[in-house]
Structure formats: structure tokens, C-alpha cells
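Student: I would like to take a close look at a single part of this structure, namely the surroundings of the ligand. Could you please guide me through them step by step?

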Amino acid sequence: MYWQKEQECLARPDLEKLQLQRLAHTLKRVGSNVPFYRNKYSQLHLNPENVTSLEGLRDYPFTSKQDLRDNYPYGLFAVPLRDVVRVHASSGTTGSSTVVGYTRNDIVTWSDMVARILCGAGVTPDDVIQIAFGYGLFTGGFGLHYGAERLGASVIPISSGNTKRQIQIMQDFKTTALVCTPSYALKIADVMMDMGVNPNGLSLRYGLFGAEPWSEAMRQEINSRLGIRATDNYGLSEVMGPGVAGECQECNGLHINEDHFLVELLNPDTLEPVAPGEVGELVLTTLTKEAFPVIRYRTRDLTRLLPEPCPCGRTFVRMSRMLGRSDDMLIIKGVNVFPTQIEAILFDIEGTEPHYRLIVERENNEDKLTVMVEVVESIFFDEMKKQKALVETIKKRLASELGVGVEIKLVEERSLERFNGKAARVIDKRQL
Ligand code: DLL
């Protein structure tokens, strides 16, 4: 089943022709509308008018998350704000978060991209979709919502959390498709068991999961515990949000919506293309975005391209599920967290020492982040009340700036191991 069959099954030469037209147009637009790109291109003597092949893009510089942060909030928008109808932002409530915008046309394209992914997973207008992603600055809730409406399915915008209510609604409203993070799907399965609800008695048939890494073993577990077919979908706010890529019912890799996103897979160290079949960092260029085009955006996500034709008939290249990151970003309960963000906050709080460890675990299918931080000795001589107050202060600051709750453990000065070489401050015990 396709949402836009003609585009999704374009022959390679036609697709490449379309990509080139769109690429040339995008480069010209950013070169004239966005000072950041204009300055870079003029320094490097790059003239977007001269791009006559897709390979020509390789001369152009990359865009990084830091570039987005440096241009916070609207510096990289390619249209005036009056043409922007929606703004989203990635995690982080401070100035270091990254802000993205959409024109009315962008919202239509985005909805079509998500509708493609829903359709590819088997969802039809007859389905009842429960969207258990957060609604808000995160792109998950609204992204899936608009796509599901565009497809014509019945949407339940329940948002995330309150698992018992999720299950109640699932029973009462006869939900057929569940949309959330894979870890939340497992949590729902746990709570169902506690409540004595038999998943076979529900109407649930499909699960569309994304926004965090997961494994084939996790898919099998979700499938058997919820009695559904789970598919993976991928996206990132800087490039659009959900809708960049998704699995079809073959469940064997994610088709990238190549008519809207140009794909490169590069060695993160040399920044040269990897050999076919090798793991590399996904680098994406938007081909149709109006408000927030990005050129050669380094996603930092590692994957492998699967060039073999797919039995589903789609010609868009597939990539394997995400295999890791080429930076240290962690995804905790679907929220992107950088250790450096935590470090900066800890350094800012009186009484803490610049030594910490981040322990990430998965308990009852839920991520748990514990921050162990060394504190000055006097704190341990203080009354319990003072220690507790310090824990609360750190907890509050971290929760409000990261957007996710953490546990804090104060430890004595010099009790954490020191490193001779590269510091390994993150201990990720999650086994996906
Ligand atoms: O997570 C967009 C999204 C929402 C995708 C809902 C799918 C469903 P961000 O918050 O900007 O956007 O986080 C993007 O999350 O760079 C990946 O590291 C990770 N990620 C997203 N989808 C997957 C996936 C949304 N299917 C970052 N598998 C990306 C593994 C994923 N990692």
C-alpha cells in the first residue's frame, strides 16, 4: 500500500533528475535568503548556479547542530516569520536548544511524508490511531498527528504518559494502531499484565515506533507481547521530524523519502563516502523544505544503506535500523540529552566538584538516568537536611533544563575513578 505511489516508486533516473532540480533550487534559495549559508558559500567561492550534478553537493560545507545553536532561534530560517505557521524545538529548554519552523506548504509535505510511513506500515483510513508521543515542542506528537489525519485515519491524540489510561482508552476506543517510542510500548505491555488485560482481547494490530534506538529482539518482544506488527520509523527535528524514513511491511530496513531528502553516508572521521554496505554517518539535505532547509546536515546517526530492491516495490533506498551515534548524545525516555549539558549545570551549582558519572539503565522498560556527582567534603558533615536540599536543587535544575527527570547520588570527593586518557563518564547499561 502506498500513499503517493508515483513518487514512492519512481525509477532511479527520474528520481535523480528530480533530486537535482530540487537541490539546485534549494541551494539557490539558501544562498540568497540565509546569511549563514550565503557567507559560507561566498567565502568558499561556491556558486549554487554551477551545481549540475548531485555529486556537486560534495563541495558544499556540512551543517552541524552547533550551527543551529549558534543561530538560535530564527537565524537559519529561509522565509520571513510571517510565512511560518509552526515552530518546534528539540530538547533543552535553554538557549542551547535548536528551533525549526514550517510554512503552510511544509506542513502539507510533512503530513504526506508521515502518511507514507503509516501507509507503508499497513495503516488505512479505517484504522484508529492512538498517538502516545508527547505533543508540544517535540515533533513526535504533532508530526504523527497531522500525518494520520492526512491519511484519513481516526486519531486519538492522547499524548504520552498515564499508562493505565492509555490502556483504558485502547480498550474503549478500539485502537488498532499504537504510535510511541518502542520502550513505551513495552511499558504499556507491562502495565497491561499488571492490570490483567489480555492484549489478544484488544483491537490492536499495528505499532509504529521510533524516536529512539531499539533492536530486532525488542521488536520480537513487542510483537509477541502486544500481538501486533511493529515497524520502525526515523526522523529528526532538524531535518523535519518523523517522516524522514520508515519501514514497509517487509520490516527489513527503513525507506528514506528520497524525493524530499538527499542521502549521503559518510565515514564520520574522514567525511568521505563509505563503501557500499559499510556503516557510516547519515548526512541529509532537504530538497523541498521552505522555512527551514538544511544542507548536508550531520545527523550523527550511524546506519548502513541497503541498496537491494525491496519486494514492496518502493524504489527509495532503505537503511538499516540505527546502529548508534557518532557523538555522545543519549536518548532518555525519548528526550535527547548531551552529557555536556549536564556537566555545565553541575559546574554551575555550588558545592559540587567537576567529577561525575552518568549511569543509564532500563528498569521496567523505562529509562532511568542517575547522575553521580562528587561534592565537597563539608556537605557530608552537614545535616541530612542540607544534603537533601542539594539533591533537590540539582534535580530541579536538571529536570527543567533537560526536560527529563533524573536521580541524583552525591558521592564523596575523589571517590569516582579518574581517567588517564579519554574520560568515560557515561555508563549505559541498557540492553536493547
Ligand atoms: O525523535 C523525531 C521522531 C519522532 C522520529 C517520532 C520518529 C518518531 P528528535 O527529538 O530531534 O526527533 O530526535 C532525533 O532521535 O537523530 C536519532 O538519534 C533518534 N531517533 C529518531 N528515530 C529513531 C529510530 C525525533 N527510529 C534523534 N531509531 C535522531 C533510532 C532514532 N533512533
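Tutor: Let us begin with one polar pair. In this predicted model, an N or O atom in the side chain of Arg325 is found 3.3 Å from an oxygen atom of the ligand. As for the extent of the burial, the ligand on its own would expose 610 Å², and the protein buries 98% of this area. Two elements each give two or more residues to the shell around the ligand, namely α6, which spans 139-151, and β7, which spans 229-236. The largest share comes from β7, with five residues.

The backbone takes part as well. A backbone N or O atom of Asn233 lies 2.7 Å from a nitrogen atom of the ligand. A polar backbone atom of Ala211 is 3.1 Å from a nitrogen atom of the ligand. Please note the contrast with Arg325, where the atom in question belongs to the side chain and its partner is an oxygen atom of the ligand.

We may now consider the shell as a whole. How many residues surround the ligand? There are 22 of them, and the closest are Asp232, Asn233, Ser237, Asp301 and Asn336. Asn233 has thus appeared twice: as one of the closest residues, and through its backbone atom at 2.7 Å from a ligand nitrogen. How do the residues of the shell divide into nonpolar, polar and charged? Ten are nonpolar, seven are polar and five are charged.

It is also useful to place these residues within the chain. The domain assignment gives domain 1, covering residues 1-327, and domain 2, covering residues 335-428. The C-alpha centres of the two domains are 32 Å apart. Their contact draws on 14 residues of domain 1 and twelve residues of domain 2. The size of an interface is often expressed as the accessible area that is lost when the parts come together. For domain 1 and domain 2, the area buried between them is about 1000 Å², with 40% of it on carbon and sulfur atoms.

Finally, two details of the backbone deserve attention. Tyr72 and Pro73 are joined by a cis peptide bond, with omega at about -5 degrees. Pro73 belongs to the loop between α4 (65-70) and β1 (84-89). His45 is not a glycine, yet its phi is positive, at about 55 degrees. This residue, His45, is located in the loop between α3 (35-43) and α4.

How values were computed. Residues numbered from 1 in each chain as written. Predicted model: local features only at pLDDT ≥ 70, side-chain atom pairs only at ≥ 80, totals over all residues. Heavy atoms only, no water. Near = heavy atom within 4 Å. Polar contact = N/O pair within 3.5 Å; in protein donor to acceptor, adjacent residues only side chain to side chain. Areas by Shrake-Rupley, 256 points an atom, 1.4 Å probe, with all protein chains shown as cover. Helix = DSSP H or I, 4+ residues; strand = E, 2+ residues; numbered from the N terminus. Nonpolar A, V, L, I, M, F, W, Y, C, P; charged D, E, K, R; others polar. Domains from an automatic or database assignment. Contact = heavy atoms within 4.5 Å. Buried area = accessible area lost by both parts, 1.4 Å probe.
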